[in-house]
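Biologist: I should like to go through this structure with you and ask, for each label you apply, what justifies it.

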Amino acid sequence: MAANKKAPDTMEKLVSLCKRRGYIFQSSEIYGGLTSCWDYGPLGSELKRNLKTFWWDSMTNRRDDIEGLDAAILMHPQVWHTSGHVDEFVDPMVDCKTCKARFRADQLAESRCPKKPSKSPLECGGELTEAKNFNLMFKTFMGPVEDSSAVIYLRPETAQGIYVNFLNVKNSSRQKIPFGIAQIGKAFRNEITPGNFIFRTREFEQMEMQFFVHPNEDDKWFEYWREERWKFYQELGITESKLRWEKHEEDNLAHYAKAAYDIQYEYPFGWQELEGVHNRTDFDLSRHMEATGKDMRYFDERFTEKFVPYIIETSAGCDRTLLTILVDAYDEVEIKGETRVFMRISPKVAPIKAAIFPLVKKDGMPEFAKKVYADLNKKFKVFYDESGAVGRRYARMDEAGCPFCITVDGQSLEDQTMTLRDRDTMEQSRMTVDQIIDFLDKKIN
Ligand code: GAP
């Protein structure tokens, strides 16, 4: 077997596999598609749901110092003035006077001219306008009147929903500092240059956690959360050598941050941000306190005076993490002159945990296999397949990221055991259905 991992055309192959196997489809495809919007199919939606559960378990259920929240996407428009997003959530952009295409002024060298794709807008000869700031927030109107008093924004980050609920969560949960609030939800950004499949889109989901700490302890918690978030990707099975930290230098810090590090992944299109860990200081709570007059300061018997908590934020893109899982899992293997694709997705998040095959469609094997399917299906997402040669069935499940295939054969009817084949080690072992349930439980949970 010769492995040929991560060839330059991996993204093209991945996009095509995602469509063919039902992970991800272009949005509104039958109408010609909507740029930068993607729909998750049967395998993709299951993978995404598993990823969100994995994050939620790790950030809330397995900890007693973090509470969950599910805030509305639409918020009072003043929130975005207070947070600084109306004035500062901008990218500089330029227009080409010849072809009318629009580019990020700070990414001209990496951009491609739509008329001459081999050239960047600096090389194609088109004259560019002066750079103008372009606000990335989507606007709409609330209610029947479409005037400026009815303007409302689609949130560009989930974090603000957490800050405006800080007092509600603190008071109702009786958490004491340090504690966190976690949320998963949609965010929208009118990106000038979306692209690279689901890497940068205009509608996406974030998995964010805001940890409220005493101002004297911000550096300690910042380091703590950097370590925790690194471990998260290890637990998810992402190749460690493909991850690295990137520090935001002073001139590249967001308007709210004192310190920021990105976890980057080496995608087929280069090293790019996967998640950010930020020290947002007391910027957000102080601004909301000032704007609303609500006292966001914290006090309990352990402290001598009231203080506005500092916030350590961990901010991951759900879609981007899913892309990372897919890219990292993609593996091509040459078997007997045929190139086979294995999606080596961790059993913890794999869309289908096991497939059950009768070796042949006779001699009582389908009946036995269907009974095994019914037993496993009570606990796990499993799949029954009896169509085609058994080798083809294995190949289909390898592409679907299914970590285990269980084959019922003649011996199964005699001793109740069947063969469980591990996608990644190719090891095969005979087990009863109870042993398989225990085995899957350990691998998944
Ligand atoms: N609350 C802080 C915040 O939103 P960010 O660095 O702008 O920080 C956090 O975004 C994460 O959200 C990124 O690391 C990325 O994973 C994801 N993200 C941001 N913009 C995205 C986009 N246009 N498409 C997909 N994911 C995006």
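The exchange below moves from the whole chain to single residues and then to the ligand.

Modeller: Please bear in mind throughout that this is a predicted model. The protein has 13 helices and 21 strands, and its C-alpha atoms fill a box of roughly 75 × 65 × 45 Å along the principal axes.

Biologist: What share of the residues in the protein is buried, and what area does the protein expose?

Modeller: Of the 445 residues, 52% are buried. The exposed area is about 21,300 Å², and carbon and sulfur atoms supply 49% of it. As for contacts between residues at least 6 apart in sequence, 65% join residues at least 24 apart. The side chains include 64 positive and 72 negative ones, with the centres of the two sets 4 Å apart.

Biologist: Why is Phe-342 called buried?

Modeller: Buried means under 20% relative accessible area. Phe-342 has 1% relative accessibility, and therefore it counts as buried. This residue belongs to strand S16 (residues 338–343).

Biologist: Which residues does Phe-342 contact, leaving aside its neighbours within four places in sequence?

Modeller: Phe-342 is in contact with Ala-329, Tyr-330, Asp-331, Val-333, Ile-335, Asp-398, Arg-421, Arg-423 and Met-426, with neighbours within four places in sequence left aside. In addition, the C-alpha atoms of Phe-342 and Cys-402 are separated by 9.1 Å, although these residues are 60 residues apart along the chain.

Biologist: What makes Phe-199 buried, given that Phe-199 lies in a loop?

Modeller: The relative accessible area of Phe-199 is 4%, which is under the 20% cut-off, so Phe-199 is buried. The loop in question lies between S9 and S10. Not counting residues up to four places away in sequence, Phe-199 touches Tyr-267, Phe-269, Gln-272, Glu-273, Arg-320 and Leu-323. The C-alpha atoms of Phe-199 and Leu-274 are 9.0 Å apart, with their positions 75 residues apart along the chain.

Biologist: What is noted about the backbone of Thr-281 and of Asp-363?

Modeller: Most residues other than glycine have a negative phi. Thr-281 has a positive phi of about 50 degrees although it is not a glycine, and Asp-363, also not a glycine, has a positive phi of about 60 degrees.

Biologist: Is each of these two residues buried or exposed, and how do you know?

Modeller: Thr-281 has 13% relative accessibility, under the 20% limit, so it counts as buried. Asp-363 has 56%, over the 50% limit, so it counts as exposed. Thr-281 is found in strand S13 (residues 270–281), whereas Asp-363 is in the loop between strand S17 (354–358) and helix H10 (365–377).

Biologist: How do you know which kind of peptide bond joins Ile-177 and Pro-178?

Modeller: Omega is about 5 degrees there, and the bond is cis. Most peptide bonds are trans. Pro-178 lies in the loop between helix H6 (166–173) and strand S9 (179–188).

Biologist: Which residues of helix H8 are buried, and what covers them?

Modeller: In helix H8 (residues 283–292), the buried residues are Phe-283, Asp-284, Leu-285, Ser-286 and His-288. Their cover includes helix H3 (78–82), helix H5 (159–163), H6, S10, S13 and S14. Just after H8, Gly-293 takes a positive phi of about 75 degrees.

Biologist: Turning to the ligand, which residues around the ligand come nearest?

Modeller: There are 22 residues around the ligand, of which Glu-157, Glu-191, Thr-201, Glu-208 and Glu-273 come nearest.

Biologist: What makes the pairing of Glu-313 with the ligand a polar contact?

Modeller: A polar contact is a pair of N or O atoms within 3.5 Å. A polar side-chain atom of Glu-313 lies 2.9 Å from a nitrogen atom of the ligand, so the pair meets that limit. By the same cut-off, Gln-206 qualifies, with a polar side-chain atom 3.0 Å from a ligand oxygen atom. Gly-317 qualifies through a polar backbone atom, 2.9 Å from an oxygen atom of the ligand.

Biologist: How much of the ligand does the protein cover, and which elements give two or more residues to the shell?

Modeller: The protein covers 92% of the 560 Å² of accessible area that the ligand has on its own. The elements giving two or more residues to the shell are strand S10 (203–213), S13 and strand S14 (310–317). S13 supplies the largest share, six residues.

Technical notes:
Residues are numbered from 1 along each chain as its sequence is written. This is a predicted model: local features need pLDDT of at least 70, side-chain atom pairs count only at pLDDT 80 or more; totals for chains, interfaces and linings use all residues. Side-chain values use heavy atoms; hydrogens and water are left out. Helices (H or I, at least four residues) and strands (E, at least two) are DSSP runs, numbered from the N terminus. Buried means under 20% relative accessible area, exposed over 50%, partly exposed in between (1.4 Å probe, protein chains only). Contact means heavy atoms within 4.5 Å. Accessible areas come from the Shrake-Rupley method with a 1.4 Å probe; for residues, only the protein chains shown count as cover. Lys and Arg count as positive and Asp and Glu as negative; His and the chain ends are not counted. The place of a charge is taken as NZ of Lys, CZ of Arg, CG of Asp or CD of Glu. A residue is near a molecule or strand if one of its heavy atoms lies within 4 Å of it. A polar contact is a pair of N or O atoms within 3.5 Å; within protein, one must be able to donate a hydrogen and the other to accept it, and residues adjacent in sequence count only if both atoms are side-chain atoms.
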